[in-house]
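User: I'm new to reading protein structures and would love a close look at one part. Could you pick a spot in the interior and then show me how its surroundings fit in?

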Amino acid sequence: EQLLVIEELKGAHRRLLQLLLALEGIDGPGPLCERLKGIRPELLDHLARKDRFYDQLHALCAKNADAGSASLAKVFSDNMRVQSAAVRKFMQGLDAAPSPQLVLSFRTLHSVIRSRLQTEERAVFQLYEKQVHKGATP
């Protein structure tokens with residue numbers, strides 16, 4: 001059941017990447033702003049879910065008394081929470097008049113999100129799976 005969390009998050013990653021990729025070709029801050037507002041609830045919900053995931057990862061490391069993994073998990077968590085705060089701030093800014101720089105800012109944001117998802121799938125999820133298996137072994 002704990003490993004199902006990873007599969008659900010990977011599915012959410014694929015969906016978010018599709019949504020963001022679909023926005024890449026939109027020219028002009030006005031239309032892009034409206035489309036971003038459309039995906040905002042899903043993206044913000046995903047970030048909240050990720051915050052809970054990192055809390056679960058910390059709890060697993062503590063339960064397994066794995067100080068090295070706990071330290072690594074903290075580094076990942078702290079970094080991802082900073083990124084989440086930046087994404088949240090960007091999304092809140094959509095309620096103001098669209099900036100002429102919105103398209104460029106979105107491209108940067110998309111790159112940051114894509115990099116984050118890759119890091120999670122390559123490293124963080126493996127760390128989580130390792131902790132789940134470690135906790136299941138007597």
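Analyst: Let's begin with two residues, F53 and F125, which are both buried (buried means under 20% relative accessible area, exposed over 50% and partly exposed in between, using a 1.4 Å probe and protein chains only). Keep in mind that this is a predicted model, where local features need pLDDT of at least 70, side-chain atom pairs count only at pLDDT 80 or more, and totals for chains, interfaces and linings use all residues. Residues are numbered from 1 along each chain as its sequence is written, and side-chain values use heavy atoms, with hydrogens and water left out.

The structure holds three aromatic pairs. Rings of Phe, Tyr and Trp (its six-membered ring) pair if their centres lie within 6.5 Å; planes under 30 degrees apart are stacked, over 60 edge-to-face, and the rest tilted. F53 and F125 make an edge-to-face pair, with 5.6 Å from centre to centre and 80° between the planes. F53 sits in helix α2 and F125 in helix α4, so this pair ties together parts that are 72 residues apart in sequence. (Helices, H or I with at least four residues, and strands, E with at least two, are DSSP runs numbered from the N terminus.)

F53 has another partner, Y128: their ring centres are 4.9 Å apart and the planes meet at 40°, so this pair is tilted. Here too distant parts of the chain are linked, as F53 in helix α2 and Y128 in helix α4 are 75 residues apart. F53 counts as buried because its relative accessible area is 2%, and Y128 is buried as well, at 2% relative accessibility. Add Y54, and you have one aromatic cluster made of F53, Y54, F125 and Y128.

Now follow Y54 outwards. M80 in helix α3 (residues 67–92) is in contact with Y54, R116, T119 and E120, leaving aside neighbours within four places in sequence (contact means heavy atoms within 4.5 Å). M80 and Y54 are 26 residues apart in sequence, and their C-alpha atoms are 9.1 Å apart in space. M80 counts as buried because its relative accessibility is 2%. S69 also has its place in helix α3, and S69 is buried because its relative accessibility is 5%. With neighbours within four places left out, S69 is in contact with C61, L127, K130 and Q131.

For contrast, try E129 in helix α4. E129 is partly exposed because its relative accessible area is 26%. Beyond its neighbours within four places in sequence, E129 is in contact with L3 and I6.

What about the nonpolar interior? In soluble globular proteins, nonpolar side chains tend to be buried together. A nonpolar core is a set of buried Ala, Val, Leu, Ile, Met, Phe, Trp, Tyr and Cys residues joined through side-chain atoms within 4.5 Å. The largest such core has 21 residues, and L32, L36 and F90 touch the most other members. Helices α1 (4–23), α2, α3 and α4 each supply at least two residues of this core. A second, separate core has 15 residues, including Y54 from our cluster, together with I6, L57 and F76.

There is also some empty space inside. A cavity is a set of points, on a 1 Å grid over the protein atoms alone, where a 1.4 Å probe fits but cannot get out; lining residues have an atom within 4 Å of a point. One cavity of 30 Å³ or more is found. The largest cavity has a volume of about 80 Å³, where volume is the space filled by probe spheres set on grid points joined across faces, edges and corners. Among the residues lining the largest cavity are L16, L43, H46, Q83, V112 and R116. Helices α2 (29–63), α3 and α4 (102–136) each give two or more residues to this lining.

Finally, step back to the whole fold. The protein has four helices and zero strands, in the pattern α-α-α-α along the sequence. Its C-alpha trace spans about 55 × 25 × 20 Å along the principal axes. Of the 138 residues, 38% count as buried. Among contacts between residues at least 6 apart in sequence, 83% join residues at least 24 apart; the F53 and F125 pair, 72 residues apart, is a good one to look at again.

Definitions and conventions
1 Å grid on protein atoms, 1.4 Å probe; cavity = no way out; pocket = protein on both sides within 12 Å on 5 of 7 lines; lining within 4 Å.
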